[in-house]
Amino acid sequence: MHGRPRKPATPVDENASALKAAKIRSLQSQFLLNHHNNIYTKEALEINAKLIESNPEFMTAWNYRKLAFEHNLSNQSEADSDHIKSVMDEELQVVENALRKNFKSYGAWHHRKWVISKGSSSTERELRLLNLFQKQDTRNFHAWNYRRFIAGLKNISDEKELQFTTDMINDNFSNYSAWHNRSVLLSHLLEKKVVGYFPKEIFLKEEYEFVRNAVFTDPDDQSGWFYHLWLLDQTVKVDMPNLVSSWPPHGSEITKTTFPIVLFFNEPVEGVNLQTVSVQVEDAIFKNITWSLLSANKFKCGQAWLTHLTIPLGETNSSKIFQVKISSEYSQGIISSNDVPCSQHWSIEFRVSVCHDFQLEGQSLRRMLMTDENFCTVGINSNVMDLFKSYFELASDYEQPTSSKWKSEMIASELDQYRELLSWAECKIGKLTLARLLMANDAIGTTVAPNTSHVEEVLKLYSELMELDPAHYQYYKDEYSLAFLKQVTSSKESLMKYCGQYKESTSSNITGPMCLRLNSLSLSQIGSFERLLWVQSLDLSHNQLHSIEGLEALQLLSCLNLSHNKVGSFMALDPLRFLKSLRVLNISYNEIGAHTVDTRRYLCSSPLSHTFDYDKKFEEFATGDEKVLNCWEAYSVFGGLDIMQLDVVGNAAADERFMLFLVKLLPGLKWLDGEELH
């Protein structure tokens with residue numbers, strides 16, 4: 001464990017292990033017999049105590065003691081405080097014996113918390129016991145977690161506990177648990193707005209200096225670096241949620257009468273609804289609008305929110321321009337996962353041009369191709385330039401300048417310190433911290449487009465880290481990809497370099513005239529979606545993508561090329577479920593079906609859970625066909641889409657049976673793996 005080589009067992013060790021196992025099996029058989037028959041006698045509890053002392057991780061044995069505790073107290077005719085205290089003391093003694101055997105036993109610590117929470121026990125004694133435990137193992141996170149529990153029961157102030165944490169770190173700064181406890185306590189003080197800790201810039205400067213002493217003393221010890229990462233997160237964290245992007249963008253003009261509206265916030269939020277956001281067409285407020293969350297975190301919050309708007313048509317042979325306004329009617333009702341309200345009012349205005357003298361329906365569909373010969377350079381006078389103007393020249397500053405000033409100064413100071421450190425210490429985590437500081441410095445205080453003045457240095461640092469630390473190669477690769485995409489999307493000039501215009505001979509009415517071509521860039525992760533809401537055609541082929549998380553925000557996407565990546569399952573394509581405009585999809589030459597065990601599939605509910613909208617239809621669709629039943633993952637992704645062209649060749653899952661399944665599932669499919677269907 002933790003890189004320590006195992007020593008081969010000697011015959012003496014093997015004999016001792018065999019005797020111990022026989023003893024545990026005997027105790028376990030007796031215990032289970034008592035448990036199944038609800039026997040809670042003194043003798044049964046003694047057998048249980050011996051079993052727990054031999055194996056403190058046996059959770060069923062701990063749960064039995066809870067049942068016995070409740071049973072024996074409930075059978076008392078009168079409440080005897082001395083008897084209750086005696087029973088509790090016995091339980092606490094069993095826990096102590098177990099902790100002597102294994103100080104990191106989850107079951108033992110959980111049981112102790114359960115007993116103490118019943119009352120009638122001395123929390124002062126618990127604190128003294130904790131002090132003894134923490135002298136033996138200063139970094140044991142179970143003890144620190146239990147200490148927070150006891151401090152809460154005793155109403156010990158966070159400031160006093162913070163001082164205890166400081167003393168423990170001064171004794172040994174290589175104490176991960178003490179640093180973590182410090183972050184928990186400071187979060188509490190900040191949340192309660194305690195004088196001296198709020199606003200956060202008051203204590204952050206001192207904390208940066210405090211952790212710097214540890215980091216500069218031993219740069220190879222990672223405990224202080226992790227705490228520095230938490231401080232950096234507190235520094236760059238936005239003060240309140242705000243809208244950072246939308247589709248349609250402010251000042252734009254679109255020509256469709258039915259279209260999606262996407263609101264993209266700087267952090268996950270909840271509360272986007274009719275009461276908080278109004279949609280106005282001309283002078284009429286639309287009341288039949290329903291906002292939905294595209295992708296939720298564990299707090300049921302998300303950055304991207306979606307609704308659809310249909311402009312009411314008047315005379316059949318007329319043209320008209322409608323003014324649409326979307327504004328925060330009650331912005332404070334939009335709340336972040338940290339319960340911080342959006343207190344800044346925002347408004348988006350755009351035009352919808354309705355023209356009745358054109359028809360696109362009924363045009364024949366040609367097979368869409370994304371090879372180099374199908375594209376030409378985007379003209380400088382292209383309509384897309386007006387769209388880019390909306391994104392890059394009409395953006396607003398969403399953070400108060402006064403807030404950005406202290407953040408910029410603090411991060412600039414940290415940059416100077418860690419550049420100096422790296423001048424004399426070859427330190428992997430130091431390089432990682434420098435890269436994070438540089439990205440944070442660019443992210444703070446920007447007004448229009450993202451600042452990318454340090455991205456080249458960041459990319460160089462991550463490239464060096466991929467060579468220096470191959471064990472964490474994938475993490476560095478992901479961070480490299482995200483930084484690179486920030487650079488690509490930072491300005492209209494940089495973004496235009498990756499845009500291709502379909503030649504007239506290959507253009508189609510199912511997508512726009514332009515494709516964002518991010519192919520063959522060795523990307524392992526995608527991001528910067530707030531700058532890509534306009535994309536209708538996207539080429540991500542010949543990269544190293546394992547997932548497309550976040551792509552659901554691109555609601556205009558009608559053509560997507562994911563060929564020659566490392567997608568390992570249909571569940572990794574789950575965001576496609578939300579892309580109802582998708583017509584052309586290429587997922588050929590990935591790794592779908594190649595992995596015998598793919599743990600990512602368990603992130604998705606099975607058809608039996610009825611989590612997805614199409615599960616009941618799937619049962620009808622399958623009609624008892626076992627071969628089809630095994631395709632429920634693909635059904636959950638593709639079941640609600642109207643795909644016309646699909647490429648899946650080159651995946652282990654793409655056998656003849658699966659092809660027949662796709663043809664049955666997608667009645668509108670016209671092209672499959674390059675072959676036209678009849």
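This passage walks through two open sheets and a charged surface patch in a predicted model. Local features need pLDDT of at least 70 and side-chain atom pairs count only at pLDDT 80 or more, while totals for chains, interfaces and linings use all residues. Residues are numbered from 1 along each chain as its sequence is written, and side-chain values use heavy atoms, with hydrogens and water left out.

One open sheet has nine strands (a strand being a DSSP run of E, at least two residues, and a helix a run of H or I, at least four, both numbered from the N terminus). Its order is S11-S12-S13-S14-S15-S16-S17-S18-S19, with mixed pairing; two strands pair if DSSP finds at least two bridges between them. At the edges sit S11 (375-377) and S19 (675-676), each pairing on one side only. Further in, S15 (559-561) and S16 (584-586) run parallel and share three bridges, with Cys-559 partnered by Val-584 of S16.

Another open sheet, also of mixed pairing, lines up five strands as S2-S10-S8-S4-S5. S2 (253-254) and S5 (284-285) each have a single partner strand, so one side of each lacks a neighbour in the sheet. Eight bridges hook S8 (320-328) to S10 (347-354), an antiparallel pair, and Gln-323 has Arg-351 of S10 as its bridge partner.

As for Lys-101, this residue belongs to helix H4 (81-101). It counts as partly exposed because its relative accessibility is 49%, where buried means under 20% relative accessible area, exposed over 50%, and partly exposed in between (1.4 Å probe, protein chains only).
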